[in-house]
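Here's a quick tour of one protein chain for someone who'd rather be at the bench. Have a look at the sequence and the model first, and then we'll go through the cysteines, charged pairs and packing.

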Amino acid sequence: MTRRPSWRLRAACRGRLDLDFIDPAHEQVDQCRAVCAECSVRELCLAGALASGEAWGIWGGLDADERSAVAEQSGHPAPAVRPAHGTNARYAKHRCRCSACTASHAEYERERRARLRARRSGTVTRAYVLAEPVRCGRTWTGAGQYVLALPGLPIPAEAKLDEPLGAVA
């Protein structure tokens, strides 16, 4: 679990439910900047947003475009949208080591290793190419599309499948 910095308790925007600092409407931008101008922790707020590459909202009185220009001058990462916490992408690409991201990465690695073991043992589901269109519920699957045979389910008789293509992960 990530810990929030203590300066957030002293922020002037704390408890201001009438203003949306993350995605402010055009008419609220000036009001948000006015609150930031009077805030005692404005510099800490801006420094935190620059250090984390925050891509949304008004932080320290600056919006994302203004923070991008400041970040470029000061050597901070450019504001960017990051994957959500609890995803392998956040762990691997953005080096987040919170408990949710670490658990997600561990689960991803377990699944990746299981796929690799299955591929090595030859138990991987094979893909087939349809020779003619097949009705799948309310829709049709067209000729030439790849399909995977599900374990334990018979291949439909009208599906005249081509030869297996080989192992597909």
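## Cysteines, salt bridges and cores

Let's start with a cysteine: Cys32 counts as buried because its relative accessibility is 0% (buried means under 20% relative accessible area, exposed over 50% and partly exposed in between, using a 1.4 Å probe and protein chains only). Before going further, a word on the source: this is a predicted model, where local features need pLDDT of at least 70 and side-chain atom pairs count only at pLDDT 80 or more, while totals for chains, interfaces and linings use all residues. Residues are numbered from 1 along each chain as its sequence is written, and side-chain values use heavy atoms, with hydrogens and water left out.

How many disulfides does the structure hold? Zero, taking a disulfide as a pair of cysteine sulfur atoms within 2.5 Å. Cys32 is in no disulfide, and the nearest cysteine sulfur, that of Cys36, sits 6.9 Å away. What about Cys98? Its closest cysteine sulfur belongs to Cys101, at 3.5 Å, and that is too far for a bond. Cys98 is buried too, with a relative accessible area of 10%.

Now for the charges. Side chains of opposite charge can pair when their charged atoms come close. The cut-off here is a side-chain nitrogen of Lys or Arg within 4 Å of a carboxyl oxygen of Asp or Glu, and by this rule there are six salt bridges. Three of them are included here:

| Salt bridge | Closest N to O distance |
|---|---|
| Arg33 and Asp63 | 3.4 Å |
| Glu66 and Arg33 | 2.9 Å |
| Arg110 and Glu107 | 2.8 Å |

Arg33, Asp63 and Glu66 are linked in a network of salt bridges. Arg33 pairs with Asp63 in a salt bridge. That pair links distant parts of the chain, 30 residues apart: Arg33 is in helix α1 (residues 29–37), and Asp63 is in the loop between α2 (42–52) and α3 (64–74). Helices here are DSSP runs (H or I, at least four residues), as are strands (E, at least two), numbered from the N terminus. Arg33 also meets Glu66 in a salt bridge. Glu66 lies in helix α3 and Arg33 in helix α1, so this pair ties together parts that are 33 residues apart in sequence. Each partner is partly exposed: Arg33 at 24%, Asp63 at 23% and Glu66 at 30%.

The Arg110 and Glu107 pair sits within helix α5 (residues 99–121), where being three residues apart separates the two by about one helical turn. Glu107 is partly exposed, at 34% relative accessibility.

Helix α2 has two sides worth a look. Cys45, Leu46, Ala49 and Leu50 are buried in α2. They share one side of α2 because they cover an arc of only 130 degrees around the axis, going by the directions from the helix axis to the C-beta atoms. Glu43 and Ala51 are exposed on the other side. The buried residues of α2 pack against α3. Just after α2, Gly53 takes a positive phi of about 70 degrees.

Lastly, the cores. In soluble globular proteins, nonpolar side chains tend to be buried together. A nonpolar core is a set of buried Ala, Val, Leu, Ile, Met, Phe, Trp, Tyr and Cys residues joined through side-chain atoms within 4.5 Å. Which residues make up the largest nonpolar core? There are seven: Trp7, Ala11, Cys39, Val41, Cys45, Ala49 and Trp59. Apart from that core lies another, of six residues, among them Cys32, Val35, Cys36 and Ile58.

Note on methods:
Contact = heavy atoms within 4.5 Å.
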